[in-house]
Amino acid sequence: MLAFAYPWLALLTPLPVLVWFGLPIHAERRAGLRVPFFDRLARLSGQQPFEGGVVARRGIGRFAVLAAAWLLALAALARPQWIDPPLHRDVPTRDLLLLVDLSGSMDTKDFVDPSGRTVDRLTAVKQVLDDFLSRRKGDRVGVVVFGDAPFALVPFTTDLALCRAMLRDTDVGMAGPRTAFGDAIGLGIGLFARSTVKAKTIIALTDGNDTVSKVPPVEAARVAKDKGIVIHTVAVGDPTAAGEDKLDEAALKEVAGATGGGFFRALDRAQLAEIYQRLDAIETRRIDTVSFRPRRDIYWIPLAAGVVLTLLAQGLQLARRYRRDHASGNRPATAGARS
């Protein structure tokens, strides 16, 4: 579709007509040939000399060229644009952050994979998370891993293939043997600081008791609520364990409850997969569809047409003048030959 960025310039179309009738006629004086026998020449020619001027007249073709050049110049100044069909783009309206526990207890083999093989907790978590991320199209996803300290494994990105690949490369103990769950929440809050989306969600997965955090998980959760962040907690492992491997379900429930999230318990891989199916239903895809129509400037077309038109008109005028001068230059020679 054709459109003009400055259509109001069309109001200048009659400007040459206003100039033609509004300004005085251009007058120009030229010196003539002076001869001492002017009166004799006049008598011999049989014409009566008089004072006056010559008014130059332009032909209709020249007026048409000037008018067309003016209209094409105005069209170029109005900045014509060709508007392409609308394009639609989905913009994520939620940032989803995964907190994955890599403490030493995640090496415990008490989960069974789909093939019936017993695997450690982290392997089962990675398998289920991989399937979960494969359905997160439309979200920005980030990953934080934690042990003795939290680390941002993947910043927020829509490249879910990257998130899945980075998660597959994680290993037990790479962040330390202990569990700093509260600090992991604090790091997650910091990652959300530059987020401008409407919905902010954390899914925290841990199998141990927080023992090394500088900020208690519940206090960090209250700060997250003030920032508009919802935290879902997933407890993985044996709730009857003791020591540092003890699962503090009360703290996980309090963290989730403080932000309006949910608490889930996974004792085996089947329950873990079911939890993520429920989270997938709760945290449905949220997107805004942005439509825009690309515009291409085509002002050069009327501009080029005007240049070509004026060049052709000048070329034709020069050709006519050349033919006229050539013909008038040959006529005396022909007359002399006849005489």
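**Exercise 1.** In which strand is the place of Lys-200? Determine also whether Lys-200 is buried or exposed, and whether a salt bridge is present or absent.

*Solution.* The model is predicted.
1. Lys-200 is located in strand E9, residues 199-206.
2. Lys-200 is buried.
3. The nearest side chain of opposite charge belongs to Asp-95, at 7.1 Å. A salt bridge requires a nitrogen within 4 Å of a carboxyl oxygen, and Lys-200 has none.
4. Outside its neighbours within four places in sequence, the contacts of Lys-200 include Asp-95, Phe-192 and Lys-227.

**Exercise 2.** Examine the span of helix H3.

*Solution.*
1. Helix H3 covers residues 60-77, which is 18 residues.
2. At 1.5 Å a residue, the expected span is 26 Å.
3. The end C-alpha atoms of H3 are 26 Å apart, so the two values agree.
4. Just after H3, Arg-79 adopts a positive phi of about 55°.

**Exercise 3.** Analyse the salt bridges that involve helix H8.

*Solution.*
1. The whole structure contains nine salt bridges.
2. Glu-254 pairs with Arg-222, with the closest N and O atoms 3.8 Å apart. Because Glu-254 lies in H8 (residues 249-259) and Arg-222 in H7 (residues 217-226), this pair ties together parts 32 residues apart in sequence.
3. Glu-254 is partly exposed, at 40% relative accessible area; Arg-222 is likewise partly exposed, at 40%.
4. Glu-249 pairs with Arg-265, with the closest N and O atoms 2.6 Å apart. Glu-249 lies in H8 and Arg-265 in strand E11 (residues 263-266), so parts 16 residues apart in sequence are joined.
5. Glu-249 is buried at 14% relative accessibility, whereas Arg-265 is partly exposed at 36%.

Note on methods:
Residues numbered from 1 in each chain as written. Predicted model: local features only at pLDDT ≥ 70, side-chain atom pairs only at ≥ 80, totals over all residues. Heavy atoms only, no water. Helix = DSSP H or I, 4+ residues; strand = E, 2+ residues; numbered from the N terminus. Buried < 20%, exposed > 50% of the residue type's maximum accessible area, 1.4 Å probe, protein only. Lys, Arg positive; Asp, Glu negative; His and termini not counted. Contact = heavy atoms within 4.5 Å. Expected span 1.5 Å × (residues − 1).
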